[in-house]
Amino acid sequence: MASRFTLKPGREAPLGASLDGQGCNFVVWSPDATKVTLCLFDEQEREIERLVLRERKSHYWFGYVDGVKAGQAYGYRVEGPQQPESGWLFDEH
C-alpha cells in the first residue's frame, strides 16, 4: 500500500507541530537522542506510518510531512543511550 504521507526537510522552529494547510512541520527537542521517528495513527489508534526525522540542528530534530491534516494523531519513538543512572531513559518502543 502506498503511503499518503511524504516526509520532506522541514524547519527547526517553532517547537511542536505546525500545520500550514498542505501538511505539518514537526520539531522535537532531544539533545541526547540518536534517532527520532514520527509515528502517525489512524482513528482506531492503529499505527499507520513511521517516518524517521532525518533533519537535525543543535538539539532539535525536525521534518515536514505532506498530507497531515488537523486532528492527526501522532507520537514519537526516540532512541538514545541507555543510562538510567544519568536520567537517560530512551525507549524506542
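Here is a walk through this predicted model, from the overall fold down to a few single residues.

**The chain as a whole**

Start with the secondary structure: the protein chain has zero helices and 10 strands. Read from one end of the sequence to the other, the pattern is β-β-β-β-β-β-β-β-β-β. Its C-alpha atoms fill a box of roughly 40 × 30 × 20 Å along the principal axes. The radius of gyration is 14 Å, which agrees with the value near 12 Å that a compact globule of 93 residues would have. Buried residues make up 35% of those 93 residues. As for how the chain contacts itself, take the contacts with a separation of 6 or more: 65% of them are between residues 24 or more positions apart.

**The largest pocket**

The largest pocket holds about 170 Å³ of space. Its lining draws on several stretches of sequence, including Arg4 and Phe5, then Phe41, Asp42 and Glu43, and later Gly67, Lys69, Ala70, Gly71, Gln72 and Ala73. Sorted by class, that lining has four nonpolar, three polar and four charged residues.

**Two charged residues in strands**

Aspartate 66 sits in strand 7, which covers residues 60–66. Leaving out residues up to four places away in sequence, aspartate 66 touches Arg4, Phe5, Thr6, Lys8, Gln22 and Gly23. With one of these, lysine 8, there is a side-chain to side-chain polar contact of 2.7 Å. Two of the residues touched by aspartate 66, Arg4 and Phe5, also turn up in the lining of the largest pocket.

Arginine 77 belongs to strand 8, residues 73–79. Is arginine 77 buried or exposed? It is buried, because its relative accessible area is 18% and the cut-off for buried is under 20%. The side chain of arginine 77 makes a polar contact of 3.4 Å with the side chain of glutamate 47. Not counting residues up to four places away in sequence, arginine 77 touches Lys35, Val36, Thr37, Cys39, Glu47, Arg50, Glu92 and His93.

**Backbone oddities in the loops**

Where does the chain take a cis peptide bond? Look at the step from alanine 13 to proline 14, where omega is near 0°. Alanine 13 is in the loop between strand 1 (6–8) and strand 2 (16–19), and proline 14 lies in that loop too. At 44% relative accessibility, alanine 13 counts as partly exposed. Beyond residues up to four places away in sequence, alanine 13 touches Asn25 and Val27. For a sense of distance, alanine 13 and valine 78 are 65 residues apart in sequence and 19 Å apart in space, C-alpha to C-alpha.

Two other loop residues have a positive phi without being glycine: glutamate 45 and serine 58. Glutamate 45 is in the loop between strand 4 (35–41) and strand 5 (47–52), while serine 58 is in the loop between strand 6 (55–57) and strand 7. Both count as exposed, since their relative accessibility is over 50%. Their values are set out here.

| Residue | Phi | Relative accessible area |
|---|---|---|
| Glutamate 45 | near 65° | 69% |
| Serine 58 | about 55° | 55% |

Definitions and conventions: Residues numbered from 1 in each chain as written. Predicted model: local features only at pLDDT ≥ 70, side-chain atom pairs only at ≥ 80, totals over all residues. Heavy atoms only, no water. Helix = DSSP H or I, 4+ residues; strand = E, 2+ residues; numbered from the N terminus. Polar contact = N/O pair within 3.5 Å; in protein donor to acceptor, adjacent residues only side chain to side chain. Contact = heavy atoms within 4.5 Å. 1 Å grid on protein atoms, 1.4 Å probe; cavity = no way out; pocket = protein on both sides within 12 Å on 5 of 7 lines; lining within 4 Å. Points joined across faces, edges and corners; volume = space filled by probe spheres on them. Nonpolar A, V, L, I, M, F, W, Y, C, P; charged D, E, K, R; others polar. Buried < 20%, exposed > 50% of the residue type's maximum accessible area, 1.4 Å probe, protein only. Rg over C-alpha atoms; globule rule 2.2 N^0.38 Å.
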